[in-house]
Amino acid sequence: MKIHDKKIWLYHSLFVLGLFAVVLGTGVALLTNVNPDKAGFFQSFISRNANHAWYVVPILNALFVLCIAFRKLIGEPWVWKFIQKTLDVFQKELFHKNEPVFDHRITIFRRVSWASPFKTRRWKIWKKENYPFSGWLIPVARSHHVTQKNATVFLCPDDPKESEGIAGLAFVQKGTLVVDNLPDLSDNSTDEDIKKYSSETNIDPDFLIKRIADHKPNARSFYAFVIERKDEPWGVVVLDSRDPKGIKSPRGISRNIEILSKQLNFLLEKIQ
Amino acid sequence: MSDWLSIDPGKFSEPEKKTIRGVEINVYPSPYDIPDAIRGYYDNDKEKFIIEFRYIGERHEKLRSDTEDDHLILKAGKKTGRIYELELDMNALNANAVNLQMQIPEKTIDAIDRAAKTLSRESKKSGNPRNYLLSSKIVDHRKNDLVELQPQ
């Protein structure tokens, strides 16, 4: 399942729920105007429930409005599908090699002021910076169909000193960050390697040690830039590669990045 | 009004070395901060030479006008600090049709340099000095193309 598939599922579910609410609300409102004596089969049902219509109808109407609002917040499915296709196309252009696709990825992170602990997976919520409302960068789309689950979430609070990862730094700097030639982290990595990787990528060393223990791969080059919506920073696009020089030079890809940014800018205008 | 002149972002993607938490990192300009096109034209009604910058996407922010000196009005985005328009008062420059071609690049660049310095001082408090320096470089780079658009 792709990262945005849940959004698309929720978008369609809200349509069904909204439709159900409006049909039921209209039905209840109409039934209150029917004389129970002439309602035949529905006589007892109307007599019993007519007194509840005064609050049931407004609740169902409110539910309908909420469904519309949430659907707008999620964004239309075609937008997310278009974003996915765009990332897949640019994945071929921005890396020296683009196979295997899970080693050379493009991910879009959205900056949100609140994220569920189930998404952030920071269970030590008594730590100030791990509150659900601390401000986070959550993945919303990733190139191709691989490594879509368990994508890392980065802390991105109002205090720029607390931001995490290359993504967090790019968001804070409102610019483009390039880091490459990072050490290849594995069971045999030295403390020096972990320290170098940690300081250059702005990631907690404990987090890296856990990833190594879990045999999770770590990218060796990054390129991250902030994306905007209506002149406000909205999120970050991160290119990462398992190759230490896997991403093409910033000058070489500047035109592609400009086109990608233009496309994303247009698409993000369609999302609340 | 003249056509937009395309800008190659690769020419203006100069990294800025920043030390963040003790680590030196190359920070390049955001693609949103590099204008994708520029144009210049003489506005007969205002009697001013106008230089406009176009960026990625539609502009939503309001503009603020800064009068830098007697002959330059600079219009920048209130939120982003991006320069969208420069108005050069050619009368104040004592330019005439004969020597305008020679004067525009020098005067424009002088004016932008002055604006960049002034606004970078201001922007250290709230904005982004990179935008002003970028605009200055772009005008310098395309000055010959802009000058071709002199009034007849």
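Q: Which residues in H8(A) do Ile194(A), Lys195(A), Tyr197(A) and Ser198(A) in H7(A) meet?
A: This is a predicted model, in which local features need pLDDT of at least 70 and side-chain atom pairs count only at pLDDT 80 or more, while totals for chains, interfaces and linings use all residues. Residues are numbered from 1 along each chain as its sequence is written, and chains are lettered from A and ligands numbered from 1 in the order in which they are written. Helices (H or I, at least four residues) and strands (E, at least two) are DSSP runs numbered from the N terminus, and contact means C-beta atoms, placed from the backbone, within 7 Å. The H8(A) residues met by those four of H7(A) are Pro205(A), Leu208(A) and Ile209(A).

Q: How many nonpolar residues are in the contact of H7(A) with H8(A)?
A: Ala, Val, Leu, Ile, Met, Phe, Trp, Tyr, Cys and Pro count as nonpolar, Asp, Glu, Lys and Arg as charged, and the others, Gly among them, as polar. In this contact one residue is polar and one is charged, and the nonpolar residues number five.

Q: Are H7(A) and H8(A) oblique or roughly antiparallel to each other?
A: H7(A) (residues 191–201) and H8(A) (residues 205–213) pack at about 120°, with axes 9 Å apart. Axes are lines fitted to C-alpha atoms, for helices over the stretch in contact, and angles run from 0 to 180 degrees between N-to-C directions. Angles under 35 degrees count as roughly parallel, over 145 as roughly antiparallel, 65 to 115 as roughly perpendicular and the rest as oblique. H7(A) and H8(A) are therefore oblique.

Q: Is the crossing of H1(A) and H3(A) left-handed or right-handed?
A: The axes of H1(A) (residues 5–31) and H3(A) (residues 53–74) come within 8 Å and cross at roughly 155°, which makes H1(A) roughly antiparallel to H3(A). Their contact has 20 nonpolar, three polar and two charged residues. A crossing is left-handed if the near helix is turned anticlockwise from the far one by less than a right angle, and right-handed if clockwise. The crossing of H1(A) and H3(A) is left-handed.

Q: What distance separates the centres of domain 1 and domain 2 of chain A?
A: Chain A is divided into domain 1 (5–73) and domain 2 (76–182 + 219–268), with bounds from an automatic or database domain assignment. Taken over C-alpha atoms, the separation of the two centres is 41 Å.

Q: Which strand of chain B gives the most to the side that touches chain A?
A: The contact takes 25 residues from chain A and 23 residues from chain B. On the chain B side, 10 are nonpolar, nine polar and four charged. Five residues come from the strand that gives the most, S3(B) (residues 23–28).

Q: Which residue in S3(B) is the bridge partner of Val178(A)?
A: Strands pair if DSSP finds at least two bridges between them; S4(A) (residues 176–179) and S3(B) have three, in the antiparallel sense. Thr176(A) has Tyr28(B) as its partner. For Val178(A), the partner is Asn26(B).

Q: Which are the edge strands of the open sheet of eight strands?
A: The order is S3(A)-S2(A)-S1(A)-S6(A)-S5(A)-S4(A)-S3(B)-S2(B), with antiparallel pairing. Each edge strand pairs on one side only; they are S3(A) and S2(B).

Q: Which residue takes a positive phi in the hairpin of S4(B) and S5(B)?
A: S4(B) (residues 37–43) and S5(B) (residues 48–54) pair over seven antiparallel bridges, and Ala37(B) stands opposite Arg54(B). The hairpin has four residues between the strands, and a phi near 60° is taken by Glu47(B).

Definitions and conventions. Contact = placed C-beta atoms within 7 Å.
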